[in-house]
Amino acid sequence: MNDQLLAAVSQYGAPALFGIVAIAAVGVPLPITLLLVVAGSMISQGAMNLWWTIGAAGVGSVLGDQAGYAIGRWGGSRLVDKLSSLFGKRASLQAMEDKAKAWGGVGIFLTRWLMSPLGPWINLASGTAGYPWHQFFFWDILGEFTGAALYISLGLFFSDRVMALYGVLGDLTWAIAALLASLILGYQLLAYLRRGRA
């Protein structure tokens, strides 16, 4: 599947990238980081325009995120559960809502580019939790354009080592996600122990 996506971006450029990132932002698991890095490499070869590519990736991602937020906000938890089962994941909606409320805007910003596998779930949870749309929209735009510019620039500057760079980025993302999960679980354990003593 990666080969077909890369071929589509190679053949159709920024419009294909726009469509692919929008679909991924709704929750379809696609290798967006790889596509952005490859797009940066293609820019270095003169096959794509830097600003059009960043714009297409940023706007496509924001539109997909807004769709995810709208599904959570107006579709409710039953629709979110149905979508979760379609994509093969049954995320605990209440746990994600709690995370969305606790992390707030910073969590939305970070899940756009640093912990992007959590992004679609935070979109849905932000909607179901009733997180204010204008704040979600602000942090979403800021995060998605930061991520698009960052990964495309990395591909531009390291165009001869794209696959090695992608491997390092993937490992780093999961390491950060594991560290954050450990910190959250540790905090919850300490809070539980303190309640037990009281």
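Which residue follows helix 2, and is its phi positive or negative? The residue is Gly27, and its phi is positive, near 140°. This detail comes from a predicted model, so a look at the confidence of the prediction is a good place to start.

The mean pLDDT of the chain is 83, and 79% of the residues reach 70 or more. Confidence varies from one element to another: helix 2, residues 14-26, has the highest mean pLDDT, at 95, while helix 8, residues 162-197, has the lowest, at 66.

The overall plan is easy to follow. The chain contains eight helices and zero strands, and reading along the sequence gives the pattern α-α-α-α-α-α-α-α. Of the 198 residues in the chain, 40% are buried. Contacts between distant parts of the sequence are well represented: among contacts with a separation of 6 or more, 75% link residues that are 24 or more positions apart.

Helix 2 offers a friendly exercise in checking geometry. With 13 residues at 1.5 Å a residue, helix 2 should span 18 Å, and its end C-alpha atoms lie 19 Å apart, so the expected and modelled values agree. The buried residues of helix 2 are Ala14, Ala16, Leu17, Ile20, Val21, Ala22, Ala24 and Ala25. A similar check can be made on helix 7, residues 133-157, which has 25 residues. From the first C-alpha to the last, helix 7 reaches 36 Å, close to the 36 Å expected at 1.5 Å a residue. Buried positions in helix 7 include Phe136, Asp140, Gly143, Glu144 and Gly147, and Ala148, Tyr151, Ile152 and Gly155 are buried there as well.

The packing of two helices can be followed in helix 1, residues 2-12, and helix 3, residues 32-44. Their axes come within 11 Å and cross at roughly 40°, and the crossing is right-handed. On the helix 1 side, the residues involved are Asn2, Leu5, Leu6, Val9 and Ser10; they meet Leu34, Leu35, Val38 and Met42 of helix 3. The residues of this contact divide into seven nonpolar, two polar and no charged.

Helix 4, residues 50-86, is home to Gly60. With a relative accessibility of 0%, Gly60 falls under the 20% limit and therefore counts as buried. Beyond its neighbours within four places in sequence, Gly60 is in contact with Phe18, Val21 and Ala22. Two of these partners, Val21 and Ala22, are themselves among the buried residues of helix 2. Another buried residue of helix 2 is Leu17; Gly60 and Leu17 are 43 residues apart in sequence, yet their C-alpha atoms are 7.9 Å apart in space.

Ile54 is found in helix 4 too. Its relative accessible area is 9%, so Ile54 is buried. Leaving out residues up to four places away in sequence, Ile54 touches Phe145, Ala148, Ala149 and Ile152. Of these, Ala148 and Ile152 also appear among the buried residues of helix 7. Glu144, likewise buried in helix 7, lies 90 residues from Ile54 in sequence and 9.7 Å from it in space, C-alpha to C-alpha.

Ala70, a further residue of helix 4, gives a contrasting case. Its relative accessibility is 25%, which lies between the 20% and 50% limits, so Ala70 counts as partly exposed. The C-alpha atoms of Ala70 and Gly127 are separated by 6.2 Å, although these residues are 57 residues apart along the chain.

Finally, Met1 sits in the segment before helix 1. Its relative accessibility of 63% is over the 50% limit, and Met1 therefore counts as exposed. Met1 and Leu30 are 29 residues apart along the chain, and their C-alpha atoms are separated by 8.8 Å.

How values were computed:
Residues numbered from 1 in each chain as written. Predicted model: local features only at pLDDT ≥ 70, side-chain atom pairs only at ≥ 80, totals over all residues. Heavy atoms only, no water. pLDDT = per-residue confidence, 0-100. Helix = DSSP H or I, 4+ residues; strand = E, 2+ residues; numbered from the N terminus. Expected span 1.5 Å × (residues − 1). Buried < 20%, exposed > 50% of the residue type's maximum accessible area, 1.4 Å probe, protein only. Axes fitted to C-alpha atoms, helices over the stretch in contact; angles between N-to-C directions. Left-handed = near helix turned anticlockwise from the far one by under 90°. Contact = heavy atoms within 4.5 Å. Nonpolar A, V, L, I, M, F, W, Y, C, P; charged D, E, K, R; others polar.
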